[in-house]
Amino acid sequence: MATDLLQQRREQMFPKLTPTQLARLEEHCARRETTAGEILLSVGDTPRGLFIVTAGSVEVLMPTSDVHTETCAYSLVNVLTTGDFSGEMSTLRGTRALVRLRVREPGAVLEVGLDDLRRVVRNDAELSELMMRAFILRRMSMLQSGFSEVTVLGSGEAGDTLRIRQFLTRNARPYVDIDIDHDPDARALLERFHIRPEDLPVVVCRAGEVFKNPDIGSLAECLGINGQADDSVVHDLIIIGAGPAGLAAAVYAASEGLDVRVVDSFAPGGQAGTSSRIENYLGFPTGISGAALAGRALSQAQKFGAQLSVAWQAVRLHCDDWPFAVEMSNGSRLRGRAIVIASGAQYRTLEVANVERFLGSGIYYAATHLEAEMCAGEDVAIVGGGNSAGQAAVFLAGSCRHVHILVRAPDLAESMSAYLINRIEGSHNITLHTRTQVTELDGTNRLERVVWTTAGAAPVPQVLHHVFLMTGASPNTRWLAGCVALDDHGFVKTGPELTPGDLAGWSLPRSPYLLETSIPGVFAAGDVRADSVKRIASAVGEGSITVQFVHRALRDLPAAASPNVIAAA
Ligand SMILES: Cc1cc2nc3c(=O)[nH]c(=O)nc-3n(C[C@H](O)[C@H](O)[C@H](O)COP(=O)(O)OP(=O)(O)OC[C@H]3O[C@@H](n4cnc5c(N)ncnc54)[C@H](O)[C@@H]3O)c2cc1C
């Protein structure tokens, strides 16, 4: 697969700069002689920019560490010659390098610094297209290569293994996956790394560092996934949540010259990032996976200079002072002149006693390729009657033996789009169970048995290992801690929805802008907003239009007089 991609797209992945393009870049470059064997960049280094080869050649090498043999070898990806340039998405993001650059034949390179590189991709349309396409394709090829300096060892059936795999996959990090239940050398591997079964899953990072069942914060640290950022600065805009709403706000705000910081507690893409195929998003007639949409949006935001930190969870918004401050679970504190709340909503769970026990090892909230692989050839149940349930059913029916949809309602007409209902009805291996709910879950290490009950009938026990919950959402607003007005379900009220009572502390002569909360300069977009349409397009739309109100608020906030909001201006 990797070889195919390399062949098909080689020219786009490794385009040569023309003399005219080179001349435009030269003003940003420092020239440097190279010697054979010289390492220009090591895996794990924070890149200071990219190299353009002007004489001689440079090897691009990917680590192929093999925990079975404890060797750390390199595989040759390409040899850069005159006119070629190095770099991939981590270069632009300023995060740790995934490849090694070694001079093969002595010559010279031009070095473009990170700030200059970012300026070029922002301002030079032709070079921007050429480089962004090359960077994105190079990362895709790395993901498909199966090579990495990161190895995950764990049971494929354990919830924590899935959590780690999801974090790496959703953050587009290549990794080697060893399923301890199926790898013939599993026992020897565990002994070699002194790992007890209760330590699993483990992640072996660069240089053999072993992380036992790491939380995602430690994992992000070990991977160097977040670029270096100066947390003492006051940003123009802080966006909490990098789902469709947050990423759209980031793209528009950064492209309009604002200094933007985005944080997400898990990975870019939000709920949309977990969707296997989105078919109703404008411009993608054959559908697009949530991961691809999120990857493109993130690259776009970063091209314009937005900074993203993942595995950063906002735990408190301080809105009494201005600039505002947001406290993070890792102890960091960010300050910003305006805030966009784009923290989305979370799926509701089952009202069954032991549901938490099976999260990730039988109970799932997303139906992506990862989950589909685990359920291949087996029966699965999907709880819920909305569009995401319908999409999951159609998708899983492609690889699972049988898909059971369980809904409390008498039919799907009120909750699901007609096109999905038609596909479900036309599918031979999907059965809809109306007026039905899960009443029992059972199993030891993993989910083994599910009981569901249809109104007026006896409970039906099923041998079934996978249940997908697609049962509606609750807002991620706990971190707002009474700062902004919320509706009865905890969603953030904005603009016209705000009552005089909600605005008792409002400090400006004007009314709140559309999408502005009860605190001037704090906005909400996407699923987290009261009465929002729970769709990607509307989240993207809200995220992007928020930015014009952010501009206006940045103009009138410093002029406002209320000590309530402006205390620290
Ligand atoms: C499986 C599935 C399939 C779907 N399919 C479709 C579809 O085909 N078409 C469609 O239009 N819609 C679809 N949807 C709905 C759509 O994905 C959502 O409406 C959309 O993602 C909402 O975007 P958002 O940015 O508002 O919130 P989210 O996507 O929920 O993103 C919120 C982000 O905020 C982060 N976050 C939460 N709390 C914090 C915190 N305290 N600190 C930092 N970060 C935080 C989360 O990690 C998350 O990344 C689907 C949803 C799912 C789950």
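This passage walks through the sheets, a buried strand and some ring contacts of a predicted model. Local features were taken at pLDDT of at least 70 and side-chain atom pairs at pLDDT 80 or more, while totals for chains, interfaces and linings use all residues. Residues are numbered from 1 along each chain as its sequence is written, and side-chain values use heavy atoms, with hydrogens and water left out.

To start with the sheets, helices (H or I, at least four residues) and strands (E, at least two) are DSSP runs numbered from the N terminus, and two strands count as paired if DSSP finds at least two bridges between them. One open sheet has 4 strands in the order β7-β6-β8-β9, with mixed pairing. Its edges are β7 (176-179) and β9 (210-212), each of which pairs on one side only. From one strand to the next, the twist averages 15°; axes here are lines fitted to C-alpha atoms, for helices over the stretch in contact, and angles run from 0 to 180 degrees between N-to-C directions. Strand β8 (residues 202-204) runs antiparallel to β9, with 3 bridges between them, and V203 has F211 of β9 as its bridge partner. Lying across β6 (151-154), β7 and β8 is helix α6 (residues 159-170), at about 160° to β6; contact means heavy atoms within 4.5 Å.

Another open sheet is built from 5 strands in the order β17-β24-β18-β19-β20, and here the pairing is parallel. Each of the edge strands, β17 (363-364) and β20 (430-433), has a single partner, so one side of each is left without a neighbour in the sheet. Further in, β18 (residues 379-383) pairs with β24 (residues 467-469) in the parallel sense over 3 bridges, and I382 finds its bridge partner in F468 of β24. Helix α12 (residues 387-397) lies across β18, β19 (402-406), β20 and β24, and runs at about 170° to β18.

Strand β11 (residues 260-264) has 5 of its 5 residues buried (under 20% relative accessible area with a 1.4 Å probe, protein chains only; over 50% is exposed, and partly exposed lies in between), so β11 is largely enclosed by the rest of the structure. V260, V262 and D264 point one way from β11, and R261 and V263 the other way. On one hand, β11 pairs in parallel with β10 (residues 234-240) over 4 bridges, where I239 is partnered by V262. On the other, 4 bridges join β11 to the parallel strand β12 (residues 307-310), with V310 as the bridge partner of D264. Both connections are right-handed β-α-β units: β10, helix α9 (residues 244-255) and β11 make one, and β11, helix α10 (residues 290-303) and β12 make another. Right-handed means that, with the strands pointing away from the viewer, the path from the first strand over the helix to the second runs clockwise.

Turning to the rings, a search of the whole structure finds 5 aromatic pairs. Phe, Tyr and Trp rings (six-membered ring for Trp) pair if their centres lie within 6.5 Å; planes under 30 degrees apart are stacked, over 60 edge-to-face, and the rest tilted. F85 and F135 are edge-to-face, at 6.4 Å centre to centre and 80° between the planes. Y513 and F549 have centres 5.5 Å apart and planes at 25°, so this pair is stacked.
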